[in-house]
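Here is a walk through a two-chain model, starting where the chains meet and then moving on to a few local features. Keep the viewer open as you read.

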Amino acid sequence: MENIYLIIALAPLIGAIAAGLFGKQIGRAGAHWVTIIGVVISFALSILVFKQIVFDGTPTFNGAVYTWLVSDGITFEIGFLIDELTSMMMLVVTFVSLMVHIYSIGYMRDDPGYQRFFSYISLFTFSMLMLVMANNFLQLFFGWEAVGLVSYLLIGFWFKRETAIYANLKAFLVNRVGDFAFLLGIAVILMYFNSLDYADVFGASGNFATLTVEIIPGWEWSVMSLICILLFIGAMGKSAQVPLHVWLPDSMEGPTPISALIHAATMVTAGVYMVARMSPLFEHSETALSFVLVIGAITALFMGLLGLVQNDIKRVVAYSTLSQLGYMVVALGASAYAAGLFHLMTHAFFKALLFLAAGSVIIAMHHEQDIRKMGGLRKYMPVTYITALIGSLALIGFPGFSGFFSKDAIIESVGHSDLAGSTFAYVCVLLGVFVTALYTFRMFFLVFHGKERMDTHTRSHLKESPLVVTIPLILLAIPSVAIGALAIGPMLFGDYFGNSLAVFDEHNVLAKMGETFTGAMGFVLHGMMTPAVYLALAGLGTAWFIYMKKPQIAADYKENYQTIYNMLVNAYGFDKFNDKYFAGGARQIGMVLWQVFDAKIIDGLVVNGAARSVSWWSGFTRQMQSGYLYHYAFSMIIGLVFLITWIFLA
Amino acid sequence: MFSDLSLLSLLIWLPIIGGFAVLATGADKNPGLAKLISLAVAILTFAASIPLYTSFDLTTANMQFEEKLSWIEAFSINYHLGVDGFSMPLILLTTFTTVLVVISGWQVIQTKVAQYMAAFLIMEGLMIGVFASLDSILFYVFWEAMLIPMFIIIGKWGGEKRVYATIKFFLYTFLGSVFMLIALIYMYNKAGSFSILDFHDLQLSMTEQIYIFLAFLIAFAVKVPMWPVHTWLPDAHVEAPTGGSVVLAAIMLKMGGYGFLRFSLPITPGASAELDWLIILLSLIAVVYIGFVALVQQDMKKLIAYSSISHMGFVTLGFFLAFSIHDNTGSMQGAIMGIEGGMIQMISHGFVSGALFLCIGVMYDRMHSRQIADYGGVANTMPWFAAFIVLFAMANAGLPGTSAFVGEFMVIMASVKANFWIAFLAATTLIIGAAYTLWMVKRVIFGEVKNDKVAKLKDLDKREFIVLGSLAFMVLLVGIWPNPLVEVMHVTVENLVEHIADPKI
């Protein structure tokens, strides 16, 4: 059994090494074959594992692969925990990864870095699998940083572009801010629990529920709150929550398949996965849960608003990802972990689909990404059009599509929550629904409908993308429609997650909702009576009215509400602030410490000063050794006089 | 071939005698032969050092591979050698690094090849002597003698301002060691021998301990180097030839850290407990302050030099956590992890900073510039080199899976037990370290080809590939599986922690 898990993780790694180190020898086709075979193996075995765990009732596997380190009586291991939650994540990761591998054959066809690209995405798949399969915090942190590394390499894949290498450095550093807190959180866990093993830590979490610590004298903190907030700051970096979200829009500088795989479907959801995995800890801290709730709600609404003013097709989708991550985080804050994971899964499918569809459009448009220069693509690219429509409807939560089930569940669970901040969160997620529908269909109409605004040369070349591109679109469209209705019962209200998640009775909003749950159909009917659906439809209608019917309105609004428009275009000024105060400030501090303290005080005053005073003193004493006999005779007499005086006086 | 009894002597004298043999080939009369002999000697020494690891007894804290001969009977000074879990890994690091340094100087050094190679071999023997000595006078002799070849290397094959740098380097380190000598003589008067192990058992009053501790601190702080006696290092590194920088960063700095473990902590545990705040403070200043200074460097070698100081801050921090852990939690649990973390950090820093200096050397050999501003887009013309430097840069930034993570991780895990804010400040290296390293990589490696010189760059040759490849292998090996390296230290560290729990007053 254990060998299967090992193969699942290692198969993509072997592919990555082969394509990366021996790219020249195996050639372009060799590179995509070797990596795709690796991912296919992982995917096929993940299905097998999923079947065993979910349908055959194979017990949870929790075991070590090897001992990384023993120190101070504590054993750090690399090992796997395979339960319902893990097997779901493995399936999502390997499936989306496989689709992206296939799609990349078409998308990256002309790129000189073809082998390198396949090596990186396989390495990513390996890292992500290590992250979700970990049975301890150390390995989690390994995977966590490893996906960050691959993300860095892939955002900067086209390393000649100044914007790309700016974006990847920024992404890495912002993520490091999160990781900094994450590592401290792990350190606090080790301090109290003396183990980094999930099972040990979760098992003992009750013992520390009431323990407090004063990290600032006179200010008592619950240990659990401290741990959970530190861990969550890590999640805020990886899952791009305000104010650590700034790297995600810029990450669109990477190739589009990467945006789909890493910056939409899998890596950015690592934070959500992590918090859900840590639910036995988070349940002990309502402070942390409220913090999670509020941060998620702010991200869900305010990042969505930014999508309204973007003109780059990928950036619109990127802001939409930010906003959807906010939804997942809100669910975690409301203790509806299952709902957050459910949305994670549906989002992985429909957002990967939307990104890949956007990529398909970008290929057709000869790498033009400005939606103002598109329009009317519907008739040139029917497959892309249909699949993009499916993805968009799923994203806005149109009844019956997968996104409807997951998003509606989140909204309702927040409505049921009693935690501090839940009312604020409820308002945010509801308004967010309208905003989501508005920006999604603004983009959709501008790209696929209306006037053809591209130049004639581009228009003459417009055509549907090749099969390697469209087949993944179709394969992703299927779960984007169907997975919601199929999975809502077992995942939210059944016992799908078994013991993977912990929820205290007083926080259990999903159980409250479950009392009235009668099946997927009933959930749709029930949803029709809540405001969310109508807000989504209103958003869709508004988009149609503004961008199809009366395009003048958009321009007028932009004129009349300059301040708001500018604020949105500048993304609330986060980037400017960070550049000025953090990046600039750090450089200024560095200059002062270097030029003033090191150069002037330590070296100038003390070190060279000591040298100077030695040379001054020796210069002075040298004067006395003039070589004239009468000088020496004179000083001898003076000395003698002093000596005699001293002897007599004494 | 050689019995265990004389293995350490062999490791010390083989490279020294080999070095003189290389000198005998004449300055530039037969550079080819000089290089061949040097390589053979370096490899033989490395091969001979491997049994230190393979036959090392993991169950005892006693000295192993001991040798003892009387040297100056009048003062009961002995030629006394031996290794434990602290010195053994550092000796292996020395023999390993020297092989790489000899290979890396193969084509680069054109003038006075024999002297260059001989200097490194002799220095290797002396450095092993420092780590293997159990008699403090023997230790002191090696400690000071080691400066001479380094002095010559920087002064002879160095850059433009090499004279200023060598004198600064020599005076700084020499001044520091004088205080140590006084402390050693004082303890000889009390103990009646110069044996380091006798010093460990010496009963000293708190006042005595504090003076001795401070005398050692000056000697070791200069070597590490710790803030504020660090300013010789960037100058020395910038002016030193690549090989000199590698040995300086990979091994010489470690002697300061080693000194704390061999002298300060076991001889003056009471003073260490009393003054641990000072070391912790200076360590955190190194991590944070020096990190900011590294950020704004224009010269790549200076940047890595400052980064070295910052990383060595973790070493001293890890070593002196025991007492505040005890104050805070009431037990010594965590102290072992701190000390082992510091040790691993030393070894790993030897690989990573050595590799980065070699990388800069590779570029310098081609472009004759160390200025970041002269570079840009190197990845376009040197893809393999780019892959290596990105790996080492990531290691420098402490990425898990590389050796550098292990030490930082262990020290941070231990320091949170002492005080949350110590861990907080130490962990800022995650951000600052990544910032200065990767910003340099961005400006040097990525981007469009900056100028004609970069456009003409040739990728790594076989020789460079082997050197960087073997370091990359070590960095990943220790990162992925550190246990075999940490194992050899366990008993020694446990013994030390037990020992320092008693202030000996």
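Which residue of chain A forms a salt bridge with Lys168(B)? That partner is Asp603(A), and the closest N and O atoms are 2.7 Å apart. Bear in mind throughout that this is a predicted model.

**Where the chains meet**

The salt bridge count between chain A and chain B is two. Polar contacts across the interface come to 23 residue pairs, both partners being at pLDDT 80 or more. On the chain A side, the elements that supply at least two residues each are β1 (61-71), β2 (74-82), α5 (137-155), α6 (162-193), β3 (212-216), α8 (223-238) and α26 (574-624). Of these, α6(A) gives the most, with 18 residues. Sorted by class, the side of chain A that touches chain B has 41 nonpolar, six polar and nine charged residues.

As for the overall contact, 56 residues come from chain A and 66 residues from chain B. The interface size is often quoted as the accessible area lost when the parts come together. Here the two chains, A and B, bury about 5300 Å² between them, with 74% of that on carbon and sulfur atoms.

**Salt bridges**

Side chains of opposite charge can pair when their charged atoms come close. Over all chains, the count is 20 salt bridges. Here are some of them, each with its N to O distance:

| Salt bridge | Closest N and O atoms |
|---|---|
| Lys168(B) and Asp603(A) | 2.7 Å |
| Lys170(A) and Asp575(A) | 2.8 Å |
| Lys190(B) and Glu208(B) | 2.9 Å |
| Asp461(B) and Arg463(B) | 3.7 Å |

Take the Asp461(B) and Arg463(B) pair, which sits at 3.7 Å. Asp461(B) is partly exposed because its relative accessibility is 28%, while Arg463(B), at 14%, is buried. Elsewhere, salt bridges that share partners tie Lys170(A), Asp250(A), Arg315(A) and Asp575(A) into one network.

How many residues apart are Lys170(A) and Asp575(A), which meet in a salt bridge, along the chain? They are 405 residues apart, with Lys170(A) in helix α6 of chain A and Asp575(A) in helix α26 of chain A, so the pair links distant parts of the chain. Lys170(A) counts as buried because its relative accessibility is 12%, whereas Asp575(A), at 30%, is partly exposed.

In chain B, the side chains of Lys190(B) and Glu208(B) meet in a salt bridge of 2.9 Å. This pair, too, links distant parts of its chain, 18 residues apart: Lys190(B) is in helix α7 (residues 162-191) of chain B and Glu208(B) in helix α9 (residues 206-223) of chain B. Lys190(B) is partly exposed at 42% relative accessible area, and Glu208(B) is buried at 13%.

**Buried spots in chain A**

Is Ser46(A) buried or exposed? With a relative accessibility of 1%, Ser46(A) is under the 20% cut-off and therefore counts as buried. This serine is found in helix α2 (residues 23-55) of chain A. A polar atom of the Ser46(A) side chain lies 2.7 Å from the backbone oxygen of Ser42(A). Leaving out residues up to four places away in sequence, Ser46(A) touches Ile8(A), Met90(A), Leu91(A) and Thr94(A).

On the cysteine front, the structure holds zero disulfides over all chains. Cys228(A) is buried at 0% relative accessibility, and Cys428(A) is buried at 3%.

**Backbone oddities**

Most residues other than glycine have a negative phi, and most peptide bonds are trans. Some places in this model depart from that. A cis peptide bond joins Val242(A) and Pro243(A), with omega about 0 degrees; Pro243(A) lies in the loop between α8 and α9 (247-250) of chain A. Another cis peptide bond joins Val224(B) and Pro225(B), with omega about -20 degrees. Pro225(B) lies in the loop between α9 and α10 (232-239) of chain B.

Phe65(B) has a positive phi of about 55 degrees although it is not a glycine. This phenylalanine lies in strand β1 (residues 64-72) of chain B and is buried at 10% relative accessibility. His368(B) also has a positive phi of about 55 degrees, but sits in the loop between α15 (335-367) and α16 (378-381) of chain B and is exposed at 58%.

Definitions and conventions
Residues are numbered from 1 along each chain as its sequence is written. Chains are lettered from A and ligands numbered from 1 in the order in which they are written. This is a predicted model: local features need pLDDT of at least 70, side-chain atom pairs count only at pLDDT 80 or more; totals for chains, interfaces and linings use all residues. Side-chain values use heavy atoms; hydrogens and water are left out. Contact means heavy atoms within 4.5 Å. Buried area is the accessible area (1.4 Å probe) that two parts lose on being put together, summed over both. A salt bridge is a side-chain nitrogen of Lys or Arg within 4 Å of a carboxyl oxygen of Asp or Glu. A polar contact is a pair of N or O atoms within 3.5 Å; within protein, one must be able to donate a hydrogen and the other to accept it, and residues adjacent in sequence count only if both atoms are side-chain atoms. Helices (H or I, at least four residues) and strands (E, at least two) are DSSP runs, numbered from the N terminus. Ala, Val, Leu, Ile, Met, Phe, Trp, Tyr, Cys and Pro count as nonpolar, Asp, Glu, Lys and Arg as charged, and the others, Gly among them, as polar. A disulfide is a pair of cysteine sulfur atoms within 2.5 Å. Buried means under 20% relative accessible area, exposed over 50%, partly exposed in between (1.4 Å probe, protein chains only).
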